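Visitor: Please pick one part of this protein and look at it closely. Then work outward from there, in one connected account.

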Amino acid sequence: MIIERAEVVVTSPSRNFVTLRLVTDDGIVGLGDATLNGRELAVVAYLRDHVVPLLRGRDAHRIEDTWQFLYRGGYWRRGPVTMAAIAAVDMALWDIKARAAGMPLYQLLGGASREGLLAYGHASGSDLSELFDSVRAHLEQGFRAIRVQTGVPGLNAIYGIASQAAAAGGGEERYDHEPARRGALPMQEDWDTRAYLRHLPGVFEAVRNEFGPELPLLHDGHHRMTPLQAAKLGKELEPYDLFWLEDCTPAENQEALRLVRRHTTTPLAIGEVFNTVWDFKDLIREQLIDYVRGAVTHMGGITPLKKTMEYAALYQIRSGFHGPTDISPVGMAAQMHLGLAIHNFGIQEYMKHSARTDEVFRQSFRWRDGLLHPGDEPGLGVELDLDEAGRYPYEQAYLPFNRLADGTVHDW
Ligand SMILES: [Mg+2]
């Protein structure tokens with residue numbers, strides 16, 4: 001089974017997606033997600049100019065060998081651009097192998113370890129009443145676990161608040177069409193960590209009082225705190241029994257988590273910006289995290305993320321794969337198959353793609369009773385409609401960024 005054609009498809013139904021499409025000599029099509037949010041065309045160039053010429057004529061069955069060839073053979077290792085490109089090849093080859101076997105991919109990864117994947121949704125509000133409405137709306141949609149993000153008094157626009165972004169964009173009430181304001185320069189948001197730390201524990205107290213002790217609640221710190229601030233927040237949130245506190249400090253300084261860990265029993269999740277198992281190695285070995293936030297798309301594919309999770313399993317560390325809408329339906333499907341198969345699955349982040357995105361990428365996954373399932377079509381279970389994809393050309397779009405009150409750039 002030889003790779004005969006490889007093409008990179010860029011489409012923008014609501015937001016930009018980069019997809020690698022491999023076709024074998026016996027006509028099997030495999031898809032891989034290579035979307036790097038806000039820097040999409042860098043991966044397109046990496047694939048088109050440097051990877052595609054290496055793929056034609058290769059044996060499509062040799063997934064591990066192809067991965068090692070692209071990773072080690074490129075000499076310049078790691079980094080989000082390189083690893084998103086390798087991830088797309090890896091996903092597409094697993095898709096092809098499972099289609100050739102006539103099985104859904106999770107069967108080739110060891111078979112299902114559970115009936116479905118517990119998924120969490122994103123509730124948010126600029127104040128408590130908006131936040132409660134948003135939590136209720138997510139519960140009505142079937143979510144059994146909720147990420148809680150809230151506005152902070154005195155700050156105009158901050159990460160993860162749907163209504164603010166919708167009001168700014170004049171669009172529907174969701175914020176996943178980021179990078180917001182296509183074609184414009186990056187949008188500026190505000191930040192004040194002390195104001196946030198004063199406000200957040202009261203919000204979680206109110207949410208617990210309103211929705212009871214059982215609902216799993218999550219929160220994303222989005223890399224903004226110092227180690228001491230994160231330790232303080234983790235401690236103050238302990239009475240509200242969080243499922244996890246995510247990205248409490250910038251991931252570059254991994255030693256910071258030792259300090260956080262010494263001060264709080266709030267579970268920690270990290271790693272959505274990581275690219276390889278090497279980024280997780282010390283955090284797993286030292287048991288500084290509880291959940292692996294990697295994404296198939298940004299970690300180099302299914303092959304290395306499965307290895308990462310097998311290593312994490314030795315320490316009872318579970319998965320919490322990154323799943324906002326910039327992970328394309330192809331990437332999400334790959335994560336669902338992997339999550340269904342591994343023993344140490346924890347939870348899956350899940351934001352619904354727009355209706356337009358679902359027309360370009362036809363999917364077979366199921367969402368039922370708060371659980372995701374990748375479906376039982378052969379392969380990943382996603383078909384890319386090239387005609388539909390062609391209707392939505394790429395539009396340049398940036399992620400927002402943060403400034404403090406005095407004008408200093410801060411982590412977004
Ligand atoms: Mg996050």
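Guide: Start at Thr66. In this predicted model, Thr66 is in contact with Leu55, Arg58, Asp59, Val89 and Leu93, leaving aside its neighbours within four places in sequence. Thr66 sits in helix H2, which covers residues 63–73. Is Thr66 buried or exposed? Its relative accessible area is 2%, and buried means under 20%, so Thr66 counts as buried. One of the contacts, Leu93, is 27 residues away along the chain. The C-alpha atoms of Thr66 and Leu93 are separated by 9.2 Å.

Next come the helices and the sheet they pack on. Helix H1 runs over residues 40–55, and helix H3 over residues 80–101. First, the sheet itself. It is open, has 3 strands in the order S1-S2-S3, and pairs in the antiparallel sense. Strand S1 (3–11) and strand S3 (29–33) are the edges. Each has a single partner strand, so one side of each has no neighbour in the sheet. Neighbouring strands of this sheet are turned against each other by 20 degrees on average, direction ignored. S1 and strand S2 (residues 17–24) are joined antiparallel by 8 bridges. Within that pairing, Ile3 stands opposite Thr24 of S2. Helix H1 packs on this sheet and touches S1 and S2. The direction of H1 makes about 170 degrees with that of S1. Helix H3 also packs on the sheet, touching S1, S2 and S3. The direction of H3 makes about 150 degrees with that of S3.

Now step back to the domains. The domain assignment gives domain 1 as residues 3–105 and domain 2 as residues 117–377. How far apart are the C-alpha centres of domain 1 and domain 2? They lie 26 Å apart. Across the boundary, 33 residues of domain 1 are in contact with 37 residues of domain 2. Interface size is often expressed as the accessible area lost when the parts come together. Here, about 2700 Å² is buried between domain 1 and domain 2. Carbon and sulfur atoms give 58% of that area.

On to the metal. Which residues coordinate the magnesium ion? Asp220 does so through OD, and Glu246 and Glu272 through OE, at 2.0 to 2.3 Å. Along the sequence, these donor residues are spaced D-x25-E-x25-E. Asp220 belongs to strand S7 (residues 217–220), and Glu246 to strand S8 (residues 244–246). The pair therefore ties together parts that are 26 residues apart in sequence. Asp220 is buried, at a relative accessible area of 3%. Glu246 is buried too, at 0%.

His222 adds to the picture of the site. His222 lies in the loop between S7 and helix H8 (227–237). What does His222 touch, not counting residues up to four places away in sequence? The list is Tyr159, Glu246, Asp247, Glu272 and Trp412. Two names on that list, Glu246 and Glu272, also coordinate the magnesium ion. His222 has a relative accessible area of 5% and is buried.

One more sheet remains to be covered. This open sheet of 3 strands has the order S6-S17-S18, with mixed pairing. Its edge strands are S6 (188–191) and S18 (409–410), each pairing on one side only. S6 pairs with strand S17 (residues 401–404) in the parallel sense, over 4 bridges. In that pairing, Glu189 has Asn402 of S17 as its bridge partner. Asp190 has Arg403 of S17. S17 and S18 run antiparallel and are joined by 2 bridges. Arg403 appears here as well, standing opposite Val409 in S18. The hairpin of S17 and S18 has 4 residues between the strands. Within this hairpin, Gly407 takes a positive phi near 100 degrees.

To close, return to the starting point. Thr66 is buried in the model, and its contacts include Val89 and Leu93.

Conventions: Residues are numbered from 1 along each chain as its sequence is written. This is a predicted model: local features need pLDDT of at least 70, side-chain atom pairs count only at pLDDT 80 or more; totals for chains, interfaces and linings use all residues. Side-chain values use heavy atoms; hydrogens and water are left out. Donors are N, O and S atoms within 2.8 Å of the metal (3.2 Å for Na, K and Ca); water is not among the atoms, so sites may look incomplete. Buried means under 20% relative accessible area, exposed over 50%, partly exposed in between (1.4 Å probe, protein chains only). Two strands pair if DSSP finds at least two bridges between them. Axes are lines fitted to C-alpha atoms, for helices over the stretch in contact, and angles run from 0 to 180 degrees between N-to-C directions. Contact means heavy atoms within 4.5 Å. Domain bounds come from an automatic or database domain assignment. Buried area is the accessible area (1.4 Å probe) that two parts lose on being put together, summed over both.
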